[in-house]
Amino acid sequence: MQAQTPTQLRLDVGSFTLVVNGQRAGREQFSVQRVTSQDGGTLEVRSESALGDRRVAMRLEADSAGTPVRYSVEERRGADVTLRLGGQRVRGRFATLARSSTGEAAREYLLRPGAVVVEDDGIVQYALLVRDRRLADGAGVTLPSLTPIANSQGAVRLVLETHSDTIVVAGVRREARRWRVTTSSGDLRLLWADADGRLLRLTIPARNLEALRDDVPR
């Protein structure tokens with residue numbers, strides 16, 4: 001029997017301007033798509049970001065709940081590769097191998113139900129937290145989290161602050177849902193997404209960092 005060719009459906013594509021202390025400091029380009037094959041369906045998120053002399057390429061495949069199936073990160077500073085990290089789901093665990101200037105490190109995490117990847121940096125990863133998430137205003141959910149670059153795991157708290165906020169994207173007013181995300185370390189992120197879960201804006205107050213979407217989602 002001939003193997004079925006995976007089908008891909010683009011869910012979102014675009015870029016963010018990264019602003020630090022009110023000054024433009026970098027950019028992140030991204031794509032989000034659904035891939036369907038004989039083995040089921042996954043969400044695939046790709047991004048390439050530049051902030052100062054740091055360049056990061058990321059690819060994350062996750063199931064419908066946002067839980068990672070495969071993950072890879074490459075970080076460069078100037079011409080030097082400072083980190084290569086790969087990970088994949090193996091029998092209820094998520095195994096990673098990282099190579100950096102300080103050596104090689106392997107790690108396994110227990111994949112609890114609903115676990116998500118939440119790195120300290122990166123923007124579009126947060127789209128997986130809010131996509132297809134149905135909550136009432138003021139309601140929240142606590143999700144197990146993995147932070148492979150920092151070699152840690154914990155939990156992230158996600159709260160829908162309001163369904164009916166409005167922000168401006170590329171000069172156009174857009175209806176948005178405003179979410180509050182609190183990581184295990186207590187760091188706060190505020191993010192805005194449309195009804196389809198497409199990320200429009202994100203702020204990290206403790207770092208004076210803001211990610212502003214460059215174009216209206218299509």
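Below, a trainee and a mentor talk through a predicted model of one protein chain.

Trainee: What makes this chain as compact as a globular protein of its length?

Mentor: Start with the secondary structure, which comes to one helix and 15 strands. The radius of gyration is 17 Å, and the globule rule gives 17 Å for 218 residues, so the chain is as compact as a globular protein of that length. Along the principal axes, the C-alpha trace spans about 45 × 45 × 35 Å.

Trainee: How many of the residues are buried?

Mentor: Buried residues make up 43% of the 218 in the chain. The chain also exposes about 11,400 Å², and carbon and sulfur atoms supply 46% of that area. As for contacts with a separation of 6 or more, 41% of them come from residues 24 or more positions apart.

Trainee: Let's try single residues. Why is Val130 called buried?

Mentor: Buried means under 20% relative accessible area. Val130 has 4% relative accessibility, so it counts as buried. This residue lies in helix α1, residues 127-130.

Trainee: Which residues does Val130 touch, leaving out those up to four places away in sequence?

Mentor: Val130 touches Leu158, Trp179, Leu191, Ala193 and Gly197. You can also look at Leu160, which is 30 residues from Val130 along the chain, with 9.1 Å between their C-alpha atoms.

Trainee: Why is Asn151 called partly exposed?

Mentor: Partly exposed is the class between buried, under 20%, and exposed, over 50%. Asn151 has a relative accessible area of 39%, so it is partly exposed. You will find Asn151 in the loop between β10 (140-147) and β11 (152-169).

Trainee: What does Asn151 touch, again leaving out residues up to four places away in sequence?

Mentor: Asn151 touches Arg107 and Tyr109. The C-alpha atoms of Asn151 and Leu191 are separated by 25 Å, and these two residues are 40 apart along the chain.

Trainee: Is Asn21 buried or exposed, and how do you know?

Mentor: The cut-off for exposed is over 50%. With a relative accessible area of 55%, Asn21 passes that cut-off, so it is exposed. Asn21 sits in the loop between β1 (7-20) and β2 (23-37).

Trainee: What is notable about the phi of Asn21?

Mentor: Its sign. Most residues other than glycine have a negative phi. Asn21 is not a glycine, and its phi is positive, near 55 degrees. Ala170 also has a positive phi, about 55 degrees, although it is not a glycine.

Trainee: Where is Ala170, then?

Mentor: Ala170 lies in the loop between β11 and β12 (172-182).

Trainee: And why does Ala170 count as partly exposed?

Mentor: Exposed would need over 50%, and buried would need under 20%. Ala170 has 48% relative accessibility, so it counts as partly exposed.

Trainee: Let's finish with the largest pocket. How many residues line it, and which lie nearest its centre?

Mentor: The largest pocket is lined by 25 residues, and Ser49, Arg54, Asp121, Gly122 and Ile123 lie nearest its centre. The elements giving two or more residues to this lining are β3 (40-51), β4 (54-62) and β5 (68-77). About 370 Å³ of space lies in the pocket.

Trainee: How is the lining divided by class?

Mentor: The lining has 15 nonpolar, four polar and six charged residues. Take care with Gly122, one of the residues nearest the centre: glycine counts as polar in this scheme.

How values were computed: Residues are numbered from 1 along each chain as its sequence is written. This is a predicted model: local features need pLDDT of at least 70, side-chain atom pairs count only at pLDDT 80 or more; totals for chains, interfaces and linings use all residues. Side-chain values use heavy atoms; hydrogens and water are left out. On a 1 Å grid over the protein atoms alone, a cavity is a set of points where a 1.4 Å probe fits but cannot get out, and a pocket is an open set with protein on both sides within 12 Å along at least five of seven lines; lining residues have an atom within 4 Å of a point. Grid points are joined across faces, edges and corners, and a volume is the space filled by probe spheres set on the points. Helices (H or I, at least four residues) and strands (E, at least two) are DSSP runs, numbered from the N terminus. The radius of gyration is taken over C-alpha atoms; the globule rule is 2.2 Å times the number of residues to the power 0.38. Buried means under 20% relative accessible area, exposed over 50%, partly exposed in between (1.4 Å probe, protein chains only). Contact means heavy atoms within 4.5 Å. Accessible areas come from the Shrake-Rupley method with a 1.4 Å probe; for residues, only the protein chains shown count as cover.
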